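Hi everyone, thanks for making time. I'd like to walk you through a protein that is probably new to most of you, so let's get it up on the screen.

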Amino acid sequence: MISIKVCLLDDTSVKFEVERKWKGREVYELVYKHLNLSEGEYFGIQYYDKHDHLCWLDPLRSLNKQLKDPAKVLFRFAVKFYAADPVQLQEEQTRYLFALQIRKDLLNGRLVCNDKTACLLASYYVQGELGDFDSLIHTPGYLTESQFFPGQREEHEAHVMEYHKQHKGEDPSDVDRNILDVVRRLDTYGITLYPCRAQDNAALNLSVAHMGVIVFQEKTRINTFSWANIRKLSFHRKKFLIKLHPEVHYRDTLEFLMESRDKAKSFWKLTAATHTFFRQYQQTSVTKSKPKMFGRGSKYRHSGRTQKQVMESSKQSVRNDSTFN
């Protein structure tokens, strides 16, 4: 047995005793059990490989085939699949963890929004942590030590305070729902950008979400290719290829040059996983063959429940949600 450390979304670290030969899914089950989490398929475990690339722990491969020395790696638990409407997630615990992820995304600049929205989101986190605004306790400067988003200044803290006053009576569960209702409307909600170049050598970023593959110029969305409009996704060397239905675009195939073959493969695997989770209704066994949508480059394997199965299971089960004070 070896001990591995997993950093959770509340920034606490937990050690788990595992076997090197264990599959990744056995590690996932340990973390789900620790968190009392029944909608675990929305989440993943990340780590940096020997090339300093951020990877998702593969549930189908053993630890010793993914990492030379798992005991020396800091694993991070994170949201992998961002639900289109996270307010509708069945479990309070799942919504709470999504809200924690959003706070990290806002702080590190991954979630881009205007100052007004950033201050509103910050005020919900303040309400969740401190409760109702009390002028005797929450005097000017009470937010000075709290950082919520890049470029936060004193004038922002005054706006956060004004919003905080408006949240009287909202409990932590209300706060989580309100946070998720705000962010689901933002273009960069759940977005990880993969730098690339278009066929005309223009610098772009690719991302994938519940609706399909998205193209950004810097952090501005300029195009979305929905799953329904995509015939095939593949990669070849450093190229990521999107083959569209003829009536959708004047070009049959769009090519994007990624930074490396590893980056192209990593993004392709994420698109395959995202499509499977959000678009397939049932996944009862490991998929080893290439689905029609996913072409040459590598084989994709998937195990676990799809979103539809997770939602149906959550509706059928009667559970007592964890209480957060």
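I'll start with the whole protein and then go through some strands and single residues.

A word on ground rules before that. This is a predicted model, so local features need a pLDDT of at least 70 and side-chain atom pairs count only at pLDDT 80 or more, while totals for chains, interfaces and linings use all residues. Residues are numbered from 1 along each chain as its sequence is written, and side-chain values use heavy atoms, with hydrogens and water left out.

Okay, the big picture. The protein has 8 helices and 12 strands. When I say helix or strand, I mean a DSSP run, H or I with at least four residues for helices and E with at least two for strands, numbered from the N terminus. The radius of gyration is 21 Å, close to the 20 Å that the globule rule gives for 325 residues, so the protein is as compact as a globular protein of that length. That radius is taken over C-alpha atoms, and the rule is 2.2 Å times the number of residues to the power 0.38. If you'd like box dimensions, the C-alpha trace spans about 65 × 50 × 40 Å along its principal axes.

How many of the 325 residues count as buried? It's 46%, where buried means under 20% relative accessible area, exposed means over 50%, and partly exposed is in between, with a 1.4 Å probe and protein chains only. On contacts, meaning heavy atoms within 4.5 Å: among those with a separation of 6 or more, 59% come from residues 24 or more positions apart.

Now the strands, starting at the N-terminal end. Two strands pair if DSSP finds at least two bridges between them. Strand β1, residues 2–7, pairs with strand β5, residues 74–79, in the parallel sense over 3 bridges. In that pairing, cysteine 7 stands opposite arginine 76 in β5. β5 also has strand β3, residues 43–48, as a partner: these two run antiparallel and are joined by 4 bridges. There, phenylalanine 43 stands opposite valine 79.

Let's look at the loops around β3. Asparagine 36 lies in the loop between α1, residues 24–35, and β3. Asparagine 36 has a positive phi of about 55°, although it is not a glycine, and at 35% relative accessibility it counts as partly exposed. On the other side, the loop between β3 and β4, residues 54–56, holds aspartate 52. Aspartate 52 isn't a glycine either, yet has a positive phi of about 65°; with 57% relative accessibility, it counts as exposed.

That loop between β3 and β4 is also the place of lysine 50. Is lysine 50 buried or exposed? Exposed, with a relative accessible area of 78%. Measuring C-alpha to C-alpha in the model, lysine 50 and leucine 67 are 8.4 Å apart in space and 17 residues apart in sequence.

Next, further along the chain, to strand β7, residues 203–209. Why do I call β7 largely enclosed by the rest of the structure? Because 6 of its 7 residues are buried. β7 has antiparallel pairings with strand β6, residues 194–197, over 4 bridges, and with strand β8, residues 212–217, over 5 bridges. On the β6 side, tyrosine 194 has leucine 206 in β7 as its bridge partner. On the β8 side, asparagine 205 is partnered by phenylalanine 216.

Both of these pairings are hairpins. β6 and β7 have 5 residues between them, and asparagine 201 in that turn has a positive phi of about 75°. β7 and β8 have 2 residues between them.

Two more residues and I'm done. Isoleucine 222 sits in strand β9, residues 220–226, and is partly exposed, with a relative accessible area of 45%. What does isoleucine 222 touch, not counting residues up to four places away in sequence? Leu204, Val215, Phe216 and Gln217. Phenylalanine 43, which we met earlier, is 27 Å from isoleucine 222, C-alpha to C-alpha, and 179 residues away in sequence.

Last up is lysine 232 in strand β10, residues 230–236. Lysine 232 counts as partly exposed, at 35% relative accessibility. Between lysine 232 and threonine 253 there are 9.1 Å in space, C-alpha to C-alpha, and they are 21 residues apart in sequence.

That's my tour, thanks for listening.
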